[in-house]
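Got the viewer open and a selection box ready? Here is a walk through the model, one stop at a time.

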Amino acid sequence: MKVLQERIRQEGLILSDTVLKVDSFLNHQVDTELALQIGQEFKKLFGHQPITKVITIEASGIQFAMATAIALGVPFIYAKKKKAVTLSEAVYSAPVHSFTRQEDYLVSVSQKYLGPDDKVLIVDDFLATGAALVGLVDIVKEAGAELLGVGCVIEKSFQEGRSLLEKRGIEVHALARIASMSPGEIHFIDNESSLEEVKESAGC
């Protein structure tokens, strides 16, 4: 997705060789038009599948899961990091470690909204270590639902997340795949799996 790569190049802040900050347009302040375009891209990638639910983890994946669900015409669910007092019914849950926050938490989904009849697409903002997505995969499995794929907006391909998912036989698509990065430059993997160097400029 070239428009996404361009926004990362212009506005992304590369803080280290593992940390990319995109909060000006993706996960704090959100460019809603771009989010809707992202939903349409995921529809192109997964729309041939009989998806009945889109699922993500609060909070940064919510806008992209919602955009994808709108494009597909299905509901979306977000797994909650803390069980609210109003969530009194039975839940599916899984432990997750946050790479960016360096925290461990238990995510949960009400059993009322996910079950064996569902065919699920997981959507999230980042794929890095894969911990959050593996947690969602485990929840889908616990519910007896069928997982049809994982879509991520940005993938740090130099980390192990993709391999963890693909070892489970899961189809994974990312809209912007980063091969490597450091303050001053970033290398993307394009759709043909070749390296495209995009050097840091104005906003980076």
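## Stop one: a bridge between strands

Select Glu 146 and Lys 119 and show their side chains: the two meet in a salt bridge, 2.8 Å from N to O. This pair ties distant parts of the chain together, with Glu 146 in strand β8 (residues 146–156) and Lys 119 in strand β7 (residues 119–127), 27 residues apart. Switch on a surface and you'll find Glu 146 partly exposed, with a relative accessible area of 38%. Lys 119 is partly exposed too, at 28% relative accessibility.

Before going on, remember that this is a predicted model. Colour the chain by pLDDT: the average is 89, and 89% of the residues score at least 70. Residues 192–204 fall below 50, although this stretch has 38 contacts in the model beyond near neighbours in sequence. Where pLDDT is low, the predicted coordinates should not be read in detail.

## More salt bridges

How many salt bridges does the structure hold? There are 11. Side chains of opposite charge can pair when their charged atoms come close.

Next, go to Arg 9 and Glu 6, where the closest N and O atoms of the salt bridge are 2.1 Å apart. Both sit in helix α1 (residues 2–11), and because they are three residues apart, about one helical turn separates them. Arg 9 is partly exposed at 27% relative accessibility, and Glu 6 is partly exposed at 28%.

Now jump to helix α5 (residues 161–166), which holds both Arg 162 and Glu 166, four residues apart and about one turn of the helix from each other. Their side chains form a salt bridge of 3.1 Å, N to O. Buried or exposed: which word fits Arg 162? Arg 162 counts as buried, at 13% relative accessibility. Its partner Glu 166 is partly exposed, with a relative accessible area of 43%. Add Glu 155 and Arg 177 to the selection: together with Arg 162 and Glu 166 they are linked in a network of salt bridges.

## Ring spotting

Time to show the aromatics. A search of the whole structure turns up two aromatic pairs. For one of them, select Phe 42 and Phe 46: the ring centres are 6.5 Å apart and the planes are at 40°, so this pair is tilted. Look along helix α2 (residues 32–46) and you'll see why about one helical turn separates Phe 42 from Phe 46: they are four residues apart in this helix. An α-helix has 3.6 residues a turn, so residues three or four places apart point the same way. Phe 42 is buried, with a relative accessible area of 0%, and Phe 46 is buried at 0% as well.

Then pick Phe 76 and Tyr 78. Their ring centres lie 6.4 Å apart with the planes at 35°, so this pair is tilted. Here the accessibility reads 25% for Phe 76, which counts as partly exposed, and 33% for Tyr 78, also partly exposed.

## Helix α3 and what it packs on

Keep Phe 76 on screen and add Ala 69, which you'll find in helix α3 (residues 62–72). What does Ala 69 touch, leaving out residues up to four places away in sequence? The answer is Val 54, Val 74, Pro 75 and Phe 76. Ala 69 is buried, at 3% relative accessibility. Try a distance to Thr 52: the C-alpha atoms are 9.1 Å apart, with the two positions 17 residues apart in sequence numbering.

Widen the selection to the buried residues of α3, among them Gln 63, Phe 64 and Thr 68. The buried residues of this helix pack against α2, β3 (53–57), β4 (76–79), β7 and β8. Just after α3, check Gly 73, which takes a positive phi of about 75°.

## Last stop: a two-faced strand

Finish on strand β5 (residues 91–98), where the side chains alternate. Tyr 92, Ala 94, Val 96 and Ser 98 point to one face and are buried. Val 91, Ser 93, Pro 95 and His 97 point to the other face and are not buried. Now bring in strand β6 (residues 103–110), which pairs with β5 in the antiparallel sense over eight bridges. Which residue of β6 is the bridge partner of Val 96? Select Tyr 105 and you have it.

Methods
Residues numbered from 1 in each chain as written. Predicted model: local features only at pLDDT ≥ 70, side-chain atom pairs only at ≥ 80, totals over all residues. Heavy atoms only, no water. Phe/Tyr/Trp six-rings, centres within 6.5 Å; stacked < 30°, edge-to-face > 60°. Helix = DSSP H or I, 4+ residues; strand = E, 2+ residues; numbered from the N terminus. Buried < 20%, exposed > 50% of the residue type's maximum accessible area, 1.4 Å probe, protein only. Pairing = 2+ DSSP bridges. Salt bridge = Lys/Arg side-chain N within 4 Å of Asp/Glu carboxyl O. pLDDT = per-residue confidence, 0-100. Contact = heavy atoms within 4.5 Å.
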